[in-house]
Amino acid sequence: GTLVAYSMVPNRFDDGQVELCEAIAHQLAVALEGAELYVAQQEQAAVAGALARVAQELIASLDRPTSMERFCELVTEVLDCEVAQTWLWNASEQMYLPAAAHGYTREEWEQLRTLRLPLEVVEQAMGGGAEVSEVRAGESTDNDSRPTQLCFGESVQLCMRLHLGDET
């Protein structure tokens with residue numbers, strides 16, 4: 001940032017005033033840095049709370065289909081987004097299959113659950129080894145097969161890897 005003091009009188013500011021302005025600017029910078037740190041800590045606390053809530057919900061439900069659906073529902077609540085979906089690797093088909101979703105109409109979900117995604121497509125969508133990938137509608141990419149292809153009116157999607165030990 002910049003602190004600017006103006007005067008209509010030429011050569012108005014003496015050395016003492018310049019020194020005072022520098023001190024004020026320094027204090028303002030310290031205050032702004034403290035405020036930014038406070039906001040970042042509040043955001044981290046909110047994320048930690050949301051993660052704890054999601055983990056608690058998942059632990060409470062031992063029924064896998066129900067827990068996956070609840071997970072998707074919690075994601076929409078925590079991220080304040082309209083829809084969420086979970087894709088799981090199916091070793092026998094060697095494809096990612098939609099396991100659960102929240103926020104879609106029944107017709108959209110029926111259409112979505114027919115999709116099968118090869119490992120290569122998911123890896124491209126995730127940007128290779130990235131843990132999180134964001135895709136915006138209309139974004140030019142080398143890959144036209146994003147997990148939902150933003151096909152139900154979504155304008156942006158955030159893809160995150162799920163890990164079981166060292167495996168995605």
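This passage describes the fold, the packing and the side-chain contacts of a single chain in a predicted model.

The chain contains four helices and five strands, and these elements succeed one another along the sequence in the pattern α-α-β-β-α-β-α-β-β. Of the 168 residues in the chain, 21% are buried. Helix H1 spans residues 15–60 and helix H2 covers residues 64–79, while helix H3 (106–112) and helix H4 (119–125) come later in the sequence.

Strands E1, E2 and E3 form an open sheet in that order, with antiparallel pairing. E1 and E3 are the edge strands, each of them pairing on one side only. The antiparallel strands E1 and E2 are joined by seven bridges, and within this pairing tryptophan 87 has proline 98 of E2 as its bridge partner. In general, the strands of a sheet pair through backbone hydrogen bonds, in either a parallel or an antiparallel arrangement.

Strand E4 (132–136) is joined to strand E5 (residues 156–160) by five bridges, and the two strands run antiparallel; in this pairing arginine 136 stands opposite valine 156 of E5. The side chains along E4 alternate, such that Ser133 and Val135 point to one face and are buried, whereas Val132, Glu134 and Arg136 point to the other face and are not buried. Such alternation between the two faces of the sheet is expected of side chains in a regular strand. Glutamate 131 lies in the loop between helix H4 and strand E4, and with a relative accessibility of 41% glutamate 131 counts as partly exposed. Although glutamate 131 and cysteine 159 are 28 residues apart in sequence, their C-alpha atoms are 8.1 Å apart in space.

Cysteine 159 also belongs to the largest nonpolar core, which has nine residues in all, the others being Trp87, Tyr96, Tyr104, Leu112, Leu117, Val121, Val122 and Met126. A second core, separate from this one, has six residues, among them Phe71, Cys72, Val75 and Ala84. The relative accessible area of cysteine 159 is 11%, and this residue is therefore buried, the cut-off being under 20%. Cysteine 21, by contrast, has a relative accessible area of 25% and is partly exposed. A search of the whole structure for disulfides finds zero.

On the surface, a nonpolar patch is formed by Leu3, Leu20, Ile24, Leu28 and Leu32, which together have about 450 Å² of accessible area. One of these residues, leucine 28, is found in helix H1 and counts as partly exposed, with a relative accessibility of 41%. Leucine 28 can be part of the patch on the score of accessibility because its value of 41% lies over the 30% that patch residues need.

Four salt bridges are present in the structure. Side chains of opposite charge can pair when their charged atoms come close. In helix H2, arginine 70 and glutamate 73 lie three residues apart, about one turn of the helix, and their side chains meet in a salt bridge with an N to O distance of 3.3 Å. The side chain of arginine 70 also meets that of glutamate 77 in a salt bridge, here at 3.6 Å from N to O, and Arg70, Glu73 and Glu77 are thus linked in a network of salt bridges. Arginine 70 is partly exposed, with a relative accessible area of 22%, as is glutamate 73 at 28%; glutamate 77, at 40% relative accessibility, likewise counts as partly exposed.

A further salt bridge is formed between glutamate 93 and arginine 116, in which the closest N and O atoms are 3.2 Å apart. This pair links distant parts of the chain, the two residues being 23 residues apart: glutamate 93 lies in the loop between strand E1 (84–90) and strand E2 (95–102), and arginine 116 in the loop between helix H3 and strand E3 (117–118). Glutamate 93 has a relative accessible area of 40% and is partly exposed, and arginine 116 is also partly exposed, with a relative accessible area of 37%.

Key. Residues are numbered from 1 along each chain as its sequence is written. This is a predicted model: local features need pLDDT of at least 70, side-chain atom pairs count only at pLDDT 80 or more; totals for chains, interfaces and linings use all residues. Side-chain values use heavy atoms; hydrogens and water are left out. Patches are made of residues with over 30% relative accessible area and no salt bridge: like charges are joined within 9 Å, nonpolar side chains (Val, Leu, Ile, Met, Phe, Trp, Tyr) within 5 Å. Accessible areas come from the Shrake-Rupley method with a 1.4 Å probe; for residues, only the protein chains shown count as cover. Buried means under 20% relative accessible area, exposed over 50%, partly exposed in between (1.4 Å probe, protein chains only). A nonpolar core is a set of buried Ala, Val, Leu, Ile, Met, Phe, Trp, Tyr and Cys residues joined through side-chain atoms within 4.5 Å. A disulfide is a pair of cysteine sulfur atoms within 2.5 Å. Two strands pair if DSSP finds at least two bridges between them.
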